[in-house]
Amino acid sequence: MRFSDDDIAFMAQAIALAAKGRFTTDPNPNVGALVVKDQQVLGRGYHHQAGHGHAEVYALAEAGGAARGATCYVTLEPCAHYGRTPPCAEALVKAGVSRVVIAMLDPNPLVAGKGVAILQAAGIEVQSGLLAAEARALNPGFLSRMERKRPYVWLKMAASLDGRTALANGVSQWLTGTAARQDVQLFRAQSSAILSTASTVLTDSARLTVRQVSACTITPLTNAQLRQPLRVILDRQQRLTGSEPLFSEGGPVLLCYAAGQVPKRLAQGNVRVEQLAITTTALGHLCITSVLAALYERQVNSVWTEAGSTLAGQLIANAVVDELVLYQAPCLLGELAQPLAKLGDFKDLQQVPQWLIQDVVMIGADIRIRAIPVFPPRATSDAPTEEAH
């Protein structure tokens with residue numbers, strides 16, 4: 001399907017608009033829309049927050065009656081069902097637009113072609129597939145939940161130039177600089193959940209919350225954007241008491257413990273806490289795929305993981321990491337320092353997990369590398385297959 005240079009330029013604007021909602025729309029997707037007539041933009045909109053108007057609604061409202069006969073550029077297929085808001089496809093029909101250009105169709109079974117069908121039945125010209133890759137990049141978590149029935153998993157790690165995460169005595173604060181830690185806040189803010197372990201919570205007194213990043217030169221967060229993700233803690237042995245800093249502030253907490261145990265009575269904290277029994281393996285460890293399945297049932301789109309080498313190795317060995325985000329500090333910790341991920345003893349280079357580097361940037365004095373797996377790793381007998389903490 002052929003698109004004009006104007007089509008490409010207007011869709012690029014819609015994609016830029018959609019990105020503005022990336023901190024606040026969860027669990028909904030990020031969507032942007034433009035209403036255009038005679039090469040003039042009449043209305044702009046993006047989805048701000050779940051339960052509020054969708055992108056097309058804002059764009060049509062700004063365009064008003066001038067939307068009749070116009071073209072609407074939208075990054076995701078207009079919805080076709082009644083939820084907390086009416087269907088956007090019907091709003092476009094009512095507004096009298098003559099053409100709708102869609103970046104990508106919506107894999108949500110409630111939509112999935114139904115929006116296009118409503119538009120076409122009303123005689124509206126519909127074209128799709130313009131800047132589809134860019135549109136997909138807006139919503140890795142939402143698309144993972146819809147298409148794969150599991151959340152998108154980020155694995156964040158921080159290491160020295162020689163690939164070590166902490167000194168032999170466990171000291172790691174602070175390996176990376178202020179700018180890198182602020183960059184982490186932006187990833188946390190875009191995530192549905194933050195996954196960690198009881199060991200990390202106890203060792204680092206970790207709160208795992210999103211904090212304001214006013215000094216960040218990349219994308220400052222405002223108070224209105226500080227949505228707190230669900231904090232998911234693997235606590236097989238139920239070592240947390242409820243009195244840790246984790247329970248003093250922020251969003252809700254989901255504690256995962258081994259099935260068959262009696263849930264531990266926790267001290268009264270200031271956040272909502274849910275305790276969830278998770279199936280275990282023959283070794284008695286929590287099953288990470290069961291954890292992800294439970295998060296899928298809770299409409300979790302994406303998971304940002306911050307933990308030690310054991311959980312990192314577990315996630316990689318189980319081939320559930322969708323993207324690695326590695327911060328490298330300009331220092332050397334030596335051979336006795338702790339490793340990046342416990343993956344067992346590989347005997348052949350063909351067994352070693354391979355990664356395709358997508359992006360390398362300087363964040364302050366540190367390097368940030370983003371990479372995706374080339375193919376699933378072949379787990380070794382020595383690799384940790386489940387959470388061992």
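Which helices and strands each supply at least two residues of the lining of the second largest pocket? The close-ups below, all taken from a predicted model, start with that question.

**View 1. The second largest pocket and the elements around it.** Here's the line-up: helix 5 (132-137), helix 6 (140-148), strand 6 (152-159), helix 7 (178-190) and strand 16 (366-373) each supply at least two lining residues. Helix 6 gives the most, with seven residues. The space inside the second largest pocket comes to about 790 Å³. Its lining has 34 residues, and the closest to the centre are Ala137, Leu138, Pro140, Trp154 and Gln190. Sort the lining by chemical type and you get twelve nonpolar, eleven polar and eleven charged residues.

**View 2. An open sheet of five strands.** Follow the strands across and you'll read the order 2-1-3-4-5, with mixed pairing. Strand 2 (40-46) and strand 5 (125-128) are the edge strands, and each of them pairs on one side only. Ignoring direction, neighbouring strands here are turned by 15° against each other on average.

**View 3. Zooming in on strands 3 and 4.** Strand 3 (residues 71-76) and strand 4 (residues 99-104) run parallel, and five bridges join them. To find your way around, look for Val74, which stands opposite Ile102 in strand 4.

**View 4. Helix 1 on the five-strand sheet.** Helix 1 (residues 5-18) lies across strand 1 (32-37), strand 2, strand 3 and strand 4. Compare its direction with that of strand 1 and you get an angle of about 145°.

**View 5. An open sheet of nine strands.** This one takes a little more patience to trace: the order is 11-10-9-8-12-6-13-16-15, and the pairing is again mixed. Strand 11 (273-278) and strand 15 (355-363) stand at the edges with a single partner strand each, so one side of each has no neighbour in the sheet. On average, neighbouring strands of this sheet are turned by 20° against each other, direction ignored.

**View 6. Strands 10 and 11 side by side.** Strand 10 (residues 253-258) runs parallel to strand 11, and six bridges join the two. One pair to pick out is Cys256 and its bridge partner in strand 11, Leu276.

**View 7. Helix 10 packed on the nine-strand sheet.** Helix 10 (residues 309-317) touches strand 6, strand 8 (193-197), strand 9 (230-234), strand 12 (302-306) and strand 15. The direction of helix 10 makes about 140° with that of strand 6. You've met strand 6 before: it also supplies at least two residues of the pocket lining in View 1.

Note on methods. Residues numbered from 1 in each chain as written. Predicted model: local features only at pLDDT ≥ 70, side-chain atom pairs only at ≥ 80, totals over all residues. Heavy atoms only, no water. 1 Å grid on protein atoms, 1.4 Å probe; cavity = no way out; pocket = protein on both sides within 12 Å on 5 of 7 lines; lining within 4 Å. Points joined across faces, edges and corners; volume = space filled by probe spheres on them. Helix = DSSP H or I, 4+ residues; strand = E, 2+ residues; numbered from the N terminus. Nonpolar A, V, L, I, M, F, W, Y, C, P; charged D, E, K, R; others polar. Pairing = 2+ DSSP bridges. Axes fitted to C-alpha atoms, helices over the stretch in contact; angles between N-to-C directions. Contact = heavy atoms within 4.5 Å.
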